[in-house]
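Student: I'm new to this one. Could you show it to me and let me ask how the labels are earned?

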Amino acid sequence: MISTLFSIGGTGSSVALIPILSFLGVGFDLAKAVGLFANTASTLGASIMNVLRKSIDVKQVLPFVFMSVACAPLGAYSATQMDTYYVKCAFALFLFLVLR
């Protein structure tokens with residue numbers, strides 16, 4: 001439900017899911033994984049529907065897809081090497097910059 005509402009607004013559900021799950025006592029690593037799964041599922045579903053409707057120019061989108069796929073493991077690895085406090089601070093800064 002949250003994922004659908006946030007995808008309509010053009011942002012991922014992690015914006016709400018990670019803080020909500022953290023406040024409810026779920027571990028930060030699990031909250032990140034749930035947020036990532038929800039974003040991936042909603043983005044994949046929306047992408048498939050838009051490709052089927054031919055409303056996406058695939059050639060223009062491919063560079064973004066390749067860079068996302070290539071950089072995701074680097075981001076995940078760097079997050080495991082950092083203290084959780086700094087990852088949370090970086091996430092909060094990201095949310096502040098994106099949602100203003």
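Student: What makes Lys54 count as exposed?
Tutor: Lys54 has a relative accessible area of 73%. Exposed means over 50%, buried under 20%, and partly exposed in between, with a 1.4 Å probe and protein chains only. So Lys54 is exposed, since 73% is over 50%. This is a predicted model, where local features need pLDDT of at least 70, side-chain atom pairs count only at pLDDT 80 or more, and totals for chains, interfaces and linings use all residues. Residues are numbered from 1 along each chain as its sequence is written, and side-chain values use heavy atoms, leaving out hydrogens and water.

Student: Where is Lys54, and what is its phi?
Tutor: Lys54 sits in the loop between H3 and H4. Its phi is positive, about 60°, although Lys54 is not a glycine. Most residues other than glycine have a negative phi. Gly25, just after H2, also takes a positive phi, of about 100°.

Student: How many helices and strands are there, and what makes a run count as one?
Tutor: The chain has 5 helices and 0 strands. Both are DSSP runs numbered from the N terminus: helices are H or I with at least four residues, strands E with at least two.

Student: Why are Ile18, Leu21, Phe28, Ala31 and Val87 called a nonpolar core?
Tutor: A nonpolar core is a set of buried Ala, Val, Leu, Ile, Met, Phe, Trp, Tyr and Cys residues joined through side-chain atoms within 4.5 Å. Those 5 residues make up the largest such core. Helix H2 (14–23) and helix H3 (28–52) each give two or more residues to this core. Ile18 and Leu21 are among the buried residues of H2. As for Val87, it touches Phe28, Lys32, Ala79 and Met82, leaving aside residues up to four places away in sequence; a contact means heavy atoms within 4.5 Å.

Student: How many residues of the lining of the second largest pocket are nonpolar, and how do you know?
Tutor: The lining divides into 9 nonpolar, 3 polar and no charged residues. Ala, Val, Leu, Ile, Met, Phe, Trp, Tyr, Cys and Pro count as nonpolar, Asp, Glu, Lys and Arg as charged, and the others, Gly among them, as polar. The lining includes Val51, Ile56, Leu62 and Phe64, so these are nonpolar. Thr43, Ser47 and Ser68 also line the pocket, and they fall under polar.

Student: Which helix gives the most to that lining?
Tutor: H4 does, with 8 residues.

How values were computed
On a 1 Å grid over the protein atoms alone, a cavity is a set of points where a 1.4 Å probe fits but cannot get out, and a pocket is an open set with protein on both sides within 12 Å along at least five of seven lines; lining residues have an atom within 4 Å of a point.
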